[in-house]
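Please write a short report on this protein chain. Keep it suitable for a first-year student, and include one small table.

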Amino acid sequence: MSDAIKHECGIALLRLKKPLEFYKEKYGSAFYGIQKMYLLMEKQHNRGQDGAGFASIKFDVEAGERYISRVRSNKAQPIQDIFAQINKRINEELTLHPEYNDNVKHQKDNIPYIGELFLGHVRYGTFGKNNIESVHPFLRQNNWMHRNLIVAGNFNMTNVTELFNSLVELGQHPKEMADTVTVMEKIGHFLDDEVTDLYQECKNNGLSKREASPVIAEKLDIAKILKRASKGWDGGYAMAGLLGHGDSFVFRDPAGIRPAYFYEDDEIVVVASERPVIQTTFNVPFEKVQELQPGNALIIKKNGTVSEQEIITPTVKKACSFERIYFSRGSDAEIYQERKELGKLILPEVLKAIENDTDNTVFSYIPNTAETSFYGMIEAANDFLNQRKNKFILDNRKTLTKEKLEEILSVKIRTEKIAIKDVKLRTFITEDSSRDDLVAHVYDVTYGVIKPTDNLVIIDDSIVRGTTLKKSILKMMDRLNPKRIVVVSSAPQIRYPDCYGIDMSTLDGFVAFQAAITLLKEKKMTNVIDEVYKKCKAQEKTKDSEVINYVKEIYAPFTDEEISTKIATLLHPEEIKAEVKIIYQTVDNLHIACPKNLGDWYFTGDYPTPGGNRVVNRAFINFYEGKNARTY
Ligand SMILES: NC(=O)CC[C@H](N)C(=O)O
């Protein structure tokens with residue numbers, strides 16, 4: 001991906017079902033859980049680099065002993081940083097007390113972070129800032145064990161302000177306006193209620209406070225709490241939580257927008273945002289890892305029972321297709337095939353752009369995530385070439401000589417590694433535009449493989465803003481003197497903001513939006529822009545479920561190709577000599593390639609929750625009024 005988009009978060013929840021001695025015996029260490037957590041988080045570092053956090057719970061400790069540990073970091077390498085802190089602490093204890101070394105009980109009693117239940121999070125913020133207070137997991141402490149709540153999530157709610165206000169209405173006084181705090185306090189409120197009710201019940205049955213505690217732990221109905229807490233949530237989420245006494249859950253939104261996968265055996269239960277993370281960390285096959293169903297929660301009671309329960313009736317499944325195109329790791333068996341398919345499906349359009357002249361075309365890709373779709377595109381290109389060869393051979397079979405046949409078979413699809421990312425360079429570059437010359441070098445190119453008669457086809461996963469394309473990639477590729485540069489996007493045009501966990505919430509950042517606005521201006525149709533603004537303004541106070549996405553009218557007068565052509569001119573730096581073409585995947589082909597992830601609101605404007613329409617409405621108003629702000 002050439003545009004740097006901030007996106008996503010990753011969660012990792014791990015429950016050890018056996019006593020810690022078991023892991024010491026079998027795997028050589030009672031710190032097994034911490035080690036696995038490190039892997040689970042590191043294997044998801046793609047999902048969040050603004051911050052990382054870790055929390056753990058020890059089961060069955062004596063009153064007065066610490067049983068919750070947490071560490072968070074927003075440093076440059078946050079995962080490394082938190083595990084360095086954890087290791088340092090553990091090693092200090094072990095050095096100071098050599099007697100702990102082979103004694104699991106001592107370790108559990110005296111060393112923090114070791115425990116039976118863990119929650120990890122890697123963050124890219126979509127709400128608030130990147131201060132340490134915004135880094136998950138969040139902690140809601142209480143002297144009652146059951147009321148301690150630790151929360152982390154991959155989520156974004158479109159209606160945090162309303163949810164915040166409803167807490168205030170409940171008489172609360174939240175100390176922060178962070179979305180995770182709001183969600184946590186919602187759950188916390190109903191958790192308190194439930195604990196109070198259960199205690200009352202125990203009291204009525206003649207139990208003392210002390211006797212009531214384990215009964216409450218056993219009876220605590222997590223599904224009921226989540227049902228009550230999530231009334232009114234509008235967004236995409238995979239919310240994970242731990243309760244002080246040892247229950248835990250992961251809860252997924254009813255449209256399945258955000259991903260969550262889990263695996264269970266008799267030693268562990270694990271949940272993560274991506275399937276291959278679980279596969280590689282625990283060496284389990286693809287089929288053993290299950291997807292948590294939309295609207296459901298995986299509930300892991302302290303006593304070890306695990307159940308998947310419906311919390312909210314699922315709506316039409318609209319799992320985020322961007323997960324497949326770009327965010328999630330391509331090592332997932334399905335995602336790998338899907339990305340290849342994206343590359344295959346776009347080849348016909350590429351062939352049109354190069355007038356079928358594969359002999360004078362070099363195919364390449366933008367590193368690294370587009371590599372898989374490149375493989376697919378090349379497979380399809382080889383099929384195309386073989387058909388051409390077949391036809392020639394069959395048509396000329398009477399006159400064909402050995403030499404001619406060899407010549408025909410020697411023709412190949414030309415693939416080269418053209419673009420090379422100079423990752424380190426980016427760190428020296430600030431937003432300052434006078435540094436454009438430096439920016440141009442963020443990508444370097446391979447010299448000596450392109451002839452002036454060549455087309456250069458380069459595939460990227462998607463084009464959001466196109467800034468890096470314009471400022472670096474196209475400029476550098478033009479230095480190779482190709483006849484024509486064809487930039488291929490394996491995803492459709494990004495036209496509408498996301499509001500479910502990807503940090504792209506303003507319209508004017510999208511090059512497709514800029515192209516549509518430019519076209520409207522050129523064709524003297526600015527009245528459309530004013531009309532849309534009026535309609536958006538008029539429904540500012542309308543109920544979410546009745547809001548209509550009028551921004552579609554901005555794109556409606558134009559075909560996809562017209563917009564792509566305009567994008568090509570917008571991204572075409574003046575000094576470039578080559579002809580530049582831009583090709584996008586169609587939405588239909590996207591759905592063919594990724595049939596399980598039909599969430600496509602950023603391409604189509606069809607939002608899976610009512611709040612989405614409000615967000616796009618606000619985004620347009622902000623654009624029109626010149627405000628540069630997030631829209632949720
Ligand atoms: N990308 C995400 O899932 C972000 C989670 C949450 N909204 C935050 O900003 O912390």
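Start in a loop. Pro137 sits between strand E4 (117–123) and strand E5 (138–140). The peptide bond that leads into Pro137 from His136 is cis, with omega near -10 degrees. Keep in mind that this is a predicted model.

**Unusual backbone spots**

A second cis peptide bond runs from Pro367 to Asn368, with omega near -5 degrees. Asn368 is also a loop residue, placed between E14 and helix H12 (371–395). Asp60 stands out for another reason: its phi is positive, near 55 degrees, although Asp60 is not glycine. Asp60 belongs to the loop between strand E2 (51–57) and E3. Why pick out such spots? Because most residues other than glycine have a negative phi, and most peptide bonds are trans.

**Two domains**

The domain assignment splits the chain into two parts. Domain 1 is made of two stretches, 10–154 and 235–317. Domain 2 covers 323–625. The C-alpha centres of these domains lie 37 Å apart. Where they touch, domain 1 gives 19 residues and domain 2 gives 18 residues.

How much area do domain 1 and domain 2 bury between them? The value is about 1,500 Å², with 49% of it on carbon and sulfur atoms. On the domain 1 side, Thr126, Ile257 and Arg258 lose the most area to domain 2. Together these three make up 28% of what that side buries.

Charged pairs also cross this boundary. There are 4 salt bridges between domain 1 and domain 2. Polar contacts across the interface come to 8 residue pairs. On the domain 1 side, strand E7 (235–243) and helix H9 (275–282) are the elements that give two or more residues. That side holds 6 nonpolar, 6 polar and 7 charged residues.

**Two open sheets**

One sheet has 7 strands, and its pairing is antiparallel. The order is E3-E2-E4-E1-E10-E9-E11. Strand E3 (68–73) and strand E11 (290–291) each have a single partner strand, so one side of each has no neighbour in the sheet. Within this sheet, Glu264 stands opposite Val269 in E10.

The other open sheet has 5 strands, and here the pairing is parallel. Its order is E15-E14-E18-E19-E20. Strand E15 (414–415) and strand E20 (579–584) form the edges, and each pairs on one side only. Phe363 stands opposite Val457 in E18.

The table sets out one strand pair of each kind.

| Strand | Partner strand | Pairing |
|---|---|---|
| E9 (residues 261–264) | E10 (residues 268–272) | antiparallel, 4 bridges |
| E14 (residues 361–365) | E18 (residues 455–460) | parallel, 5 bridges |

**Salt bridges**

How many salt bridges does a search of the whole structure find? The count is 49. One of them joins Lys224 and Glu194, whose closest N and O atoms are 3.1 Å apart. Lys224 lies in helix H8 (residues 222–229) and Glu194 in helix H6 (residues 179–204), so this pair ties together parts that are 30 residues apart in sequence. Asp332 and Arg275 form a salt bridge too, with their closest N and O atoms 3.0 Å apart.

Methods:
Residues are numbered from 1 along each chain as its sequence is written. This is a predicted model: local features need pLDDT of at least 70, side-chain atom pairs count only at pLDDT 80 or more; totals for chains, interfaces and linings use all residues. Side-chain values use heavy atoms; hydrogens and water are left out. Domain bounds come from an automatic or database domain assignment. Contact means heavy atoms within 4.5 Å. Buried area is the accessible area (1.4 Å probe) that two parts lose on being put together, summed over both. A salt bridge is a side-chain nitrogen of Lys or Arg within 4 Å of a carboxyl oxygen of Asp or Glu. A polar contact is a pair of N or O atoms within 3.5 Å; within protein, one must be able to donate a hydrogen and the other to accept it, and residues adjacent in sequence count only if both atoms are side-chain atoms. Ala, Val, Leu, Ile, Met, Phe, Trp, Tyr, Cys and Pro count as nonpolar, Asp, Glu, Lys and Arg as charged, and the others, Gly among them, as polar. Two strands pair if DSSP finds at least two bridges between them.
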